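I opened this notebook to record what I looked up, entry by entry, with the structure at hand. The notes follow the order in which I went through the model.

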Amino acid sequence: MSMRVLFNADYPLSGDRTLLFYPPTETTLNDAVATTSHLVASMSRPSEKAFPTLAVFTLSEPAVSLGRFQHPTVALNTGAGLPAPVVRRLTGGPAAWMGTGSVYLSLIIPNWPLWFPSGGLRGLPKLLNDMILGALRKDGFSLSMSAADSVTKRGFEVGRMGFDVVDSTALLELQLGTRESIALPTELCGYPALSEDAFPRRSRILAELLETRELPSFPPSFARAIGEALFHEKFEIRDSVFTWLEKTRIDGLKPRFLEAEVLPASAGSELMSRPHEDYIGFVHAQVTFNAQMQFSSVRIFGDFIADSSGIAELETRLRWTEINKRNVALIIDEVLGAPGHIILGLKRLGSVLEAIMDAASRHDHWDVMNN
């Protein structure tokens, strides 16, 4: 006879009160993102015990950090000749410039409802943002948040915070531009200029805004402050290193995040909308039709932050459906409006609808007026 052991979700077993901490290491953004991807994937393996994990990296060389949902040849001006590797990170938001010495930090929390039983998914990004900023403040380093992703110091943008949740694993990515601005240089941006209605990103270099102290170094006391915020009492911080096998896995993941050849999209059957502006950037869509004039594929791109499973579900739900504005709007509301999904950085879901219908209107035989 098998027996199920139940315990109160508010009081996880004492052995689980461990935060794995990978102290700051110097590496490339590609390696840092691949490492974080490995950590997220390992938490879903039933054979491995999953602990909340904090990893900090400083960049040994510059990189363009592309948001998870961005299309490289639309978000970037590829004709300008890109001066650094383009790395697609794991969370959404606009493209960022990560100069040498910039910080990439990831906080990964498996089984997040165990630690945040009352917050719900919608409240989770703020809880994680506050956890990071609170730990920095305890270390004597004060930063703030504005808009969905913008990390500020004295009112100037110095970093970006991204969020995703995969199954029950929550992920936060923090990018800090320490000695170079986090803002993507204007000549590398492929989007049109934002209007005055959009969020104003006044970016400055963090090192220029410091009062008297050094840049944040993320010492063990920072990890301890994260542990206090997460566990509240009786916990262990365990300094970690990667095994040879883990390093091999990480090396195998690296090509997945490096945009090897950022070339203009080929003129195939895909129909791309123009970028539609919303609060923290742009949204656009790419569609294909089948012979019955239904969508055979839909891709949604942009600068928003969302749970990746929600965007994937929306793209799947829109396939093979009757294409009219009301029908598409209902599906968007059903998926992205559900409590199990989240999208940040847009003032209105109508931007997603407009982008999809704009892409559809580029088909020679699809009558936009009757749909």
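Before the first residue I fixed the cut-off: I call a residue buried when its relative accessible area is under 20%, exposed when that area is over 50%, and partly exposed in between. I also note at the outset that this is a predicted model.

**Entry: Asp 164**

I found Asp 164 in strand β9. Its relative accessible area is 1%, which is under 20%, so I entered Asp 164 as buried. I then looked for a polar partner and found the side chain of Ser 308, joined to the side chain of Asp 164 by a polar contact of 2.7 Å. Setting aside the neighbours within four places in sequence, I listed the contacts of Asp 164 as Arg 68, Leu 90, Thr 91, Thr 169, Ala 170, Leu 171, Ala 306, Asp 307 and Ser 308.

**Entry: the cavity**

I looked for cavities of 30 Å³ or more and found that the structure holds 1. About 40 Å³ of space lies in the largest cavity. Its lining consists of Arg 89, Thr 91, Gly 92, Gly 93, Asp 149, Arg 160, Met 161, Gly 162, Glu 173 and Gln 175. The elements that give two or more residues to this lining are β9 and β10 (169-176), and β9 gives the most, with 3 residues. Sorted by class, I count 1 nonpolar, 5 polar and 4 charged residues in the lining of the largest cavity.

**Entry: the largest pocket**

I turned next to the largest pocket, which holds about 460 Å³ of space. It is lined by 22 residues, of which Arg 160, Leu 184, Cys 189, Leu 194 and Arg 201 are the closest to its centre. The elements that give two or more residues to the lining of this pocket are β9 (156-166) and β14 (281-289). By class, I entered 14 nonpolar, 4 polar and 4 charged residues for the lining of the largest pocket.

**Entry: helix α6**

I looked up helix α6, residues 220-231, and noted that its 12 residues reach 16 Å from the first C-alpha to the last, close to the 16 Å expected at 1.5 Å a residue. The buried residues of α6 are Phe 222, Ala 223, Ala 225, Ile 226, Gly 227, Leu 230 and Phe 231. These buried residues pack against β1 (18-27), β2 (53-59), β6 (103-109), α3 (112-115), α4 (120-138) and β11 (236-239). After α6 comes His 232, for which I noted a positive phi, near 75 degrees.

**Entry: Thr 73 and Glu 322**

I placed Thr 73 in helix α2, residues 72-75. Because its relative accessibility is 21%, I entered Thr 73 as partly exposed. The side chains of Thr 73 and His 71 are joined by a polar contact of 3.1 Å. I also checked Thr 73 against Lys 138, 65 residues apart from it along the chain, and their C-alpha atoms are separated by 41 Å.

I found Glu 322 in the loop between α8 (308-317) and α9 (325-336). With 57% relative accessibility, Glu 322 went into my notes as exposed. A polar contact of 3.1 Å joins its side chain to that of Asn 324. Gln 292 is 30 residues apart from Glu 322 along the chain, and the C-alpha atoms of the two are separated by 9.7 Å.

Notes
Residues numbered from 1 in each chain as written. Predicted model: local features only at pLDDT ≥ 70, side-chain atom pairs only at ≥ 80, totals over all residues. Heavy atoms only, no water. Helix = DSSP H or I, 4+ residues; strand = E, 2+ residues; numbered from the N terminus. Expected span 1.5 Å × (residues − 1). Buried < 20%, exposed > 50% of the residue type's maximum accessible area, 1.4 Å probe, protein only. Contact = heavy atoms within 4.5 Å. 1 Å grid on protein atoms, 1.4 Å probe; cavity = no way out; pocket = protein on both sides within 12 Å on 5 of 7 lines; lining within 4 Å. Points joined across faces, edges and corners; volume = space filled by probe spheres on them. Nonpolar A, V, L, I, M, F, W, Y, C, P; charged D, E, K, R; others polar. Polar contact = N/O pair within 3.5 Å; in protein donor to acceptor, adjacent residues only side chain to side chain.
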